[in-house]
Amino acid sequence: MRDLMTIAEGARSAKRAVARLGVSGKNRALEAIASALEAHTEAILSANAEDIARGRENGLNDGLIDRLTLTPERIAGIAEGVRQVAALDDPVGEVLWMKTRPNGLRIGQKRVPMGVIGIIYEARPNVTVDAAALCFKAGSACILRGGKEAFQSSQCLTRLMRGALASCGLPEDAINLVEDTSRSTANQMMRLNGYLDVLIPRGGAGLIRAVVENATVPVIETGTGNCHIYVDATADLDKAAAILKNAKCQRISVCNAAESLLVHADVAERFLPLAAEVLAPDHVKLHGCARTREILGSAVLPATEEDYAREYLDYEISVKVVDSLDEAIEHVNTYNTGHSECIVTESYTAAERFLDEVDAAAVYANASTRFTDGFEFGFGAEIGISTQKLHARGPMGLEALTSTKYVIYGNGQIR
């Protein structure tokens, strides 16, 4: 087992080689990674089975087990995500602008690699590959620190990726996994000044808060997802029901799943029974306001302030009847986590107000919040979904993983 400082030294050395690579060299390595994952699917599944068995022994809930689980289809999807990253335009070296000053200096700005990017994440083995592929295509080395729940899976995936780099004559230390999953190592990683150029946490609220509060290296904050579906007075109710079911039930363990439902009072008596009907096959537990309980009965649990603010990551959802678009927007902006919000409406005016006034990284009119994803946005894989407002916001693809620098051409000017 390599200690963290050995890993950091290796990554800092490898970053120079990665930064010098042209697009063809990076894409050749990414194709080798994708092929290696496909060729060793059985080995990945075997390692993943160990993680799942240990997770069940340790009492992980169904949502976390789902996040942890790999299948042949999911592995194929991960490999396809790597190929999509390879197919993307390379942002490194892109000149954003160039201007000539009155003194003859030509000053421009271009995209450059970050250097070494650290990722701390939880029980999501797919993040091991997504993060490595994106960092590599963006010209940076990476240090990955996954949770102990997915350790065997992440170790297997990292070994395959490092082997693919070596087969291309590239330094394995461009992709690194911290094998010590103790909290002390995570804390040490947060303070790798001089080695890490940026640290990105991806996981639950507790992990993100710990990194933001304790890191001395720069941090890009990704966020939890208390995502809302608001059914407006003019909504097509069948469309709204389909969007709700997809956003809530298609995959409960992800940060873009719906956790809260708001319904305009004018359509509440018609829509809430329909909502309960489409959610019933998945046994979704409802936490509702008094008016919701009047319409649907005592099977609906009374909603608390905590319910309205909660990211369930389970078959549960909070429900509130509102009297106006204003009230809906106020509720969303009070309880949301800045992730993804949706209005279902046939009113252009209502849609535009919701899109303009709701404060979130992604705001939808008449589409499921489940689309907030780098793959769906055409970015290939994603490093995470930033809910902060500095540097990057929303799904973080290649451009979000680069920095910029100024380049100045002169012919002897002095000041």
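1. Leu-165 belongs to helix 7, which spans residues 151–167, in what is a predicted model. With a relative accessible area of 0%, Leu-165 is buried. Its contacts, leaving out residues up to four places away in sequence, are Ala-29, Ile-33, Phe-136, Leu-170, Pro-171, Glu-172, Ala-174 and Ile-175. A further relation across the chain concerns Leu-30: Leu-165 and Leu-30 stand 135 residues apart in sequence, while their C-alpha atoms are 8.3 Å apart in space.

2. Ile-33, a contact of Leu-165, leads to the nonpolar interior. The largest nonpolar core has 55 residues, and the members that touch the most other members are Ile-33, Leu-144, Ile-383 and Leu-401. Helix 6 (residues 125–137) supplies the largest share of this core, eight residues. There is also a second, separate core of 33 residues, which includes Val-263, Ile-317, Val-321 and Tyr-364.

3. Leu-144 merits a closer look. Not counting residues up to four places away in sequence, Leu-144 touches Ile-119, Tyr-121, Thr-128, Ala-131, Ala-132, Ile-175, Asn-176, Leu-177 and Val-178. Ile-175 is also among the residues touched by Leu-165.

4. Leu-144 is one of the residues of strand 4. Five of the five residues of this strand (residues 141–145) are buried, so strand 4 is largely enclosed by the rest of the structure. Both of its faces are covered: one side carries Ala-141, Ile-143 and Arg-145, the other Cys-142 and Leu-144, and all of these are buried. Strand 4 pairs in the parallel sense with strand 3 (residues 116–121), over five bridges. Within this pairing, Val-116 is found opposite Ala-141.

5. A separate point concerns the open sheet of seven strands, whose order is 10-9-11-8-7-12-13, with parallel pairing. Which strands stand at the edges? They are strand 10 (301–302) and strand 13 (362–365); each has a single partner strand, so one side of each is left without a neighbour in the sheet. The partnership of strand 10 with strand 9 (residues 285–288) is parallel and rests on two bridges. Gly-288 stands opposite Pro-302 of strand 10.

6. The structure holds three aromatic pairs. In one of them, Trp-97 and Tyr-406 meet edge-to-face, with 6.0 Å from centre to centre and 65° between the planes. This pair links distant parts of the chain, since Trp-97 lies in strand 1 (residues 95–100) and Tyr-406 in strand 16 (residues 402–409), 309 residues apart. Trp-97 counts as partly exposed at 30% relative accessibility, whereas Tyr-406, at 52%, counts as exposed.

7. Another aromatic pair joins Tyr-230 and Phe-354. Their ring centres are 6.3 Å apart and their planes lie at 20°, so the pair is stacked; the cut-off for stacking is planes under 30 degrees apart. Because Tyr-230 lies in strand 7 (residues 227–231) and Phe-354 in helix 15 (residues 348–357), the pair ties together parts that are 124 residues apart in sequence. Tyr-230 counts as buried at 0% relative accessibility, and Phe-354 is likewise buried, with a relative accessible area of 0%.

8. Two rings have a charged group placed over them. The charged end of Lys-99 sits over the ring of Trp-97, 5.3 Å from the ring centre. For Arg-106, the ring beneath the charged end is that of Tyr-409, and the distance to its centre is 5.0 Å.

9. Gln-109, in strand 2 (residues 106–113), brings the discussion back to Trp-97 and Tyr-406. Is Gln-109 buried or exposed? It counts as buried, because its relative accessibility is 14% and the cut-off for buried is under 20%. Leaving aside neighbours within four places in sequence, Gln-109 is in contact with Glu-94, Val-95, Leu-96, Trp-97, Thr-404, Lys-405 and Tyr-406. With Thr-404 there is a polar contact between the two side chains, at 3.2 Å. Gln-109 thus contacts both members of the edge-to-face pair, Trp-97 and Tyr-406.

10. Finally, Glu-269 lies in helix 11 (residues 265–279). At 65% relative accessibility, Glu-269 counts as exposed. Its C-alpha atom and that of Ile-295 are separated by 6.4 Å, although the two residues are 26 residues apart along the chain.

Terms used
Residues numbered from 1 in each chain as written. Predicted model: local features only at pLDDT ≥ 70, side-chain atom pairs only at ≥ 80, totals over all residues. Heavy atoms only, no water. Phe/Tyr/Trp six-rings, centres within 6.5 Å; stacked < 30°, edge-to-face > 60°. Helix = DSSP H or I, 4+ residues; strand = E, 2+ residues; numbered from the N terminus. Buried < 20%, exposed > 50% of the residue type's maximum accessible area, 1.4 Å probe, protein only. Lys NZ or Arg CZ within 6 Å of the ring centre and 35° of its normal. Core = buried A, V, L, I, M, F, W, Y, C linked by side-chain atoms within 4.5 Å. Contact = heavy atoms within 4.5 Å. Polar contact = N/O pair within 3.5 Å; in protein donor to acceptor, adjacent residues only side chain to side chain. Pairing = 2+ DSSP bridges.
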